Amino acid sequence: MSQLASPFRKGDVVIVSDAALIYSGIFQEGSNAKRTGLVLSIQNARHQMNLDNDENMVETLLCDGSIEWLWEQDLVKLNS
């Protein structure tokens, strides 16, 4: 499980940006409800999804019960 230093840890609550949902293909137009999620794990994109990118992806449990891999930079940490 290779990952770069991350501001997130397993169990952190995050705000999920519209950009994160667009990149994941799950954006719902017209919805302006705040989206939150729970960090399940953090992985380096190169190792997790065989991408040519060394940024981290965060496995996130969304408020609707779905689990998505989202780019770390598209999340905002809620708790400290």
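Author: A residue is called buried under 20% relative accessible area, exposed over 50%, and partly exposed in between (1.4 Å probe, protein chains only). By that scale aspartate 12, at 5% relative accessibility, counts as buried. This is a predicted model in which local features need pLDDT of at least 70 and side-chain atom pairs count only at pLDDT 80 or more, while totals for chains, interfaces and linings use all residues. Residues are numbered from 1 along each chain as its sequence is written, and side-chain values use heavy atoms, with hydrogens and water left out.

Reader: Where does aspartate 12 lie with respect to the strands?

Author: Aspartate 12 sits in the segment before S1. Strands here are DSSP runs (E, at least two residues; helices are H or I, at least four), numbered from the N terminus. Strand S1 itself covers residues 13-16.

Reader: When I look along S1, which side chains are buried and which are not?

Author: In a regular strand the side chains alternate between the two faces of the sheet. In S1 you can follow this residue by residue, for Val14 and Val16 point to one face and are buried, whereas Val13 and Ile15 point to the other face and are not buried.

Reader: How should I read the pairing of S1, and with which strands does S1 pair?

Author: Strands of a sheet pair through backbone hydrogen bonds, either parallel or antiparallel. A pair is accepted if DSSP finds at least two bridges between the strands. S1 is joined by 3 bridges to strand S2, residues 36-44, and the two run antiparallel. S1 also pairs in the antiparallel sense with strand S5, residues 75-77, again over 3 bridges.

Reader: Which residues stand opposite one another in these pairs?

Author: Towards S2, valine 14 has glycine 37 as its bridge partner, and isoleucine 15 stands opposite threonine 36. Towards S5, valine 16 stands opposite leucine 75.

Reader: In what order do the strands lie in the sheet?

Author: The order is S4-S3-S2-S1-S5, an open sheet of 5 strands with antiparallel pairing. S4 (67-71) and S5 stand at the edges, and each has a single partner strand, so one side of each is left without a neighbour in the sheet.

Reader: How many bridges join S2 to S3, and how many join S3 to S4?

Author: S2 and S3 pair in the antiparallel sense over 7 bridges, and glutamine 43 of S2 can be found opposite methionine 57 in S3. From S3, which covers residues 56-62, 5 bridges lead on to S4, and this pair is antiparallel as well. One partnership to look for there is glutamate 59, whose bridge partner in S4 is tryptophan 69.

Reader: Is asparagine 44 in S2 buried or exposed?

Author: Asparagine 44, which lies in strand S2, is buried, with a relative accessible area of 2%.

Reader: How many salt bridges are there, and which side chains meet?

Author: Side chains of opposite charge can pair when their charged atoms come close. The rule is a side-chain nitrogen of Lys or Arg within 4 Å of a carboxyl oxygen of Asp or Glu. By this rule the model has 1 salt bridge, in which the side chains of aspartate 12 and lysine 77 meet at 3.6 Å, taken from N to O. Aspartate 12 belongs to the segment before S1 and lysine 77 to strand S5, so the pair ties together parts that are 65 residues apart in sequence.

Reader: Is lysine 77 buried or exposed?

Author: Lysine 77 falls in between, since its relative accessible area of 33% makes it partly exposed, whereas its partner, aspartate 12, is buried at 5%. Following the chain onward brings you to leucine 78, which is found in the segment after S5 and is likewise partly exposed, with a relative accessible area of 47%.

Reader: Where would I find an exposed residue, and what is its relative accessible area?

Author: Look at aspartate 64, which lies in the loop between S3 and S4 and is exposed, with a relative accessible area of 60%. While you are there, find arginine 35, which is 29 residues from aspartate 64 along the chain, the C-alpha atoms of the two being separated by 9.4 Å.
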